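Got your viewer open? Load the model and follow along, one selection at a time.

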Amino acid sequence: MDEAYSEVIDAGTGTSNPMCKCGRRARILTAFTLRNFGKRFYTCGNYVNQDNRGCDYFKWIDMDICQHGKRVVSKLFDMHENLKNERAQIGTTILNEILNCKLEVAEYKVKMEVVSLNFEMQLQMQKNKFNSKEMKYRFALACLLILLVVIMFYPVSNANSSRLRLH
Ligand SMILES: [Zn+2]
């Protein structure tokens with residue numbers, strides 16, 4: 001737990017700060033470890049982060065905190081840990097919910113596509129049926145017209161042929 005709270009806050013570089021081994025003015029950082037909560041210290045002027053601490057220059061500025069302060073800090077750390085865990089759990093729950101929603105949406109999409117395909121197929125089938133019926137009716141109509149023409153001209157040609165026979 002001590003290591004989990006080793007963040008630091010840069011309190012700036014003063015002109016009265018001691019020089020580090022690199023020959024630069026030391027930076028002032030604040031420890032947030034359980035043991036040294038809120039204590040400021042000098043560090044290398046080239047300090048970047050925990051992994052890149054320059055020449056490793058180190059000197060405490062503030063005194064140790066009292067026993068009561070340490071208990072308060074410990075309690076605060078516990079509360080902070082609980083909050084972090086709760087936040088992580090809530091994050092996981094939300095992520096799961098989002099995943100479920102995405103899955104449901106994907107399922108509905110597939111269903112809708114199937115319904116749409118079925119509808120299109122049925123529509124095409126109805127179109128085909130309609131087209132074949134239309135062809136039949138047209139054929140029937142053409143036959144009827146031919147028949148009508150034959151009926152209309154048959155007696156005339158018949159009469160003509162009988163008249164021809166008379167001559
Ligand atoms: Zn240095």
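Start by selecting phenylalanine 41 and tryptophan 60: phenylalanine 41 stands opposite tryptophan 60, which sits in strand β4. A quick word on what you're looking at: this is a predicted model, where local features need pLDDT of at least 70, side-chain atom pairs count only at pLDDT 80 or more, and totals for chains, interfaces and linings use all residues. Residue numbers start from 1 along each chain, as its sequence is written.

**The strands**

Now colour residues 58-60, which make up β4; three bridges join β3 to β4, and these strands run antiparallel. Strands count as paired if DSSP finds at least two bridges between them. Next, add residues 27-31 (β2) and 40-43 (β3): four bridges link this antiparallel couple. For one of the partnerships, click arginine 27, whose bridge partner in β3 is threonine 43.

Zoom out, and you'll find one helix and four strands in the protein. From the N terminus on, the order is β-β-β-β-α. Helices here are DSSP runs of H or I with at least four residues, strands are runs of E with at least two, and both are numbered from the N terminus.

**Two loop stops**

Select aspartate 56, in the loop between β3 and β4. Check its backbone: phi is positive, about 70 degrees, although aspartate 56 is not a glycine. Is this residue buried or exposed? Aspartate 56 counts as exposed because it has 10 C-beta neighbours inside 10 Å. The cut-offs: 20 or more other C-beta atoms within 10 Å of a residue's own make it buried, 12 or fewer make it exposed, and anything in between is partly exposed, with C-beta atoms placed from the backbone.

Then hop to arginine 25, in the loop between β1 (8-10) and β2. Arginine 25 has 16 C-beta neighbours inside 10 Å, so it counts as partly exposed. Draw a C-alpha to C-alpha distance from arginine 25 to cysteine 44: they are 7.6 Å apart in space and 19 residues apart in sequence.

**The whole chain**

Select everything: of the 167 residues, 6% count as buried.

Last, colour by pLDDT, the predictor's confidence in each residue, from 0 to 100. The mean is 86, and 84% of residues reach 70 or more. Confidence is highest in β4, at a mean of 94, and lowest in β1, at 61. Finish on residues 1-5, where pLDDT is below 50; this stretch has nine contacts in the model beyond near neighbours in sequence. A contact means two C-beta atoms, placed from the backbone, lying within 7 Å.
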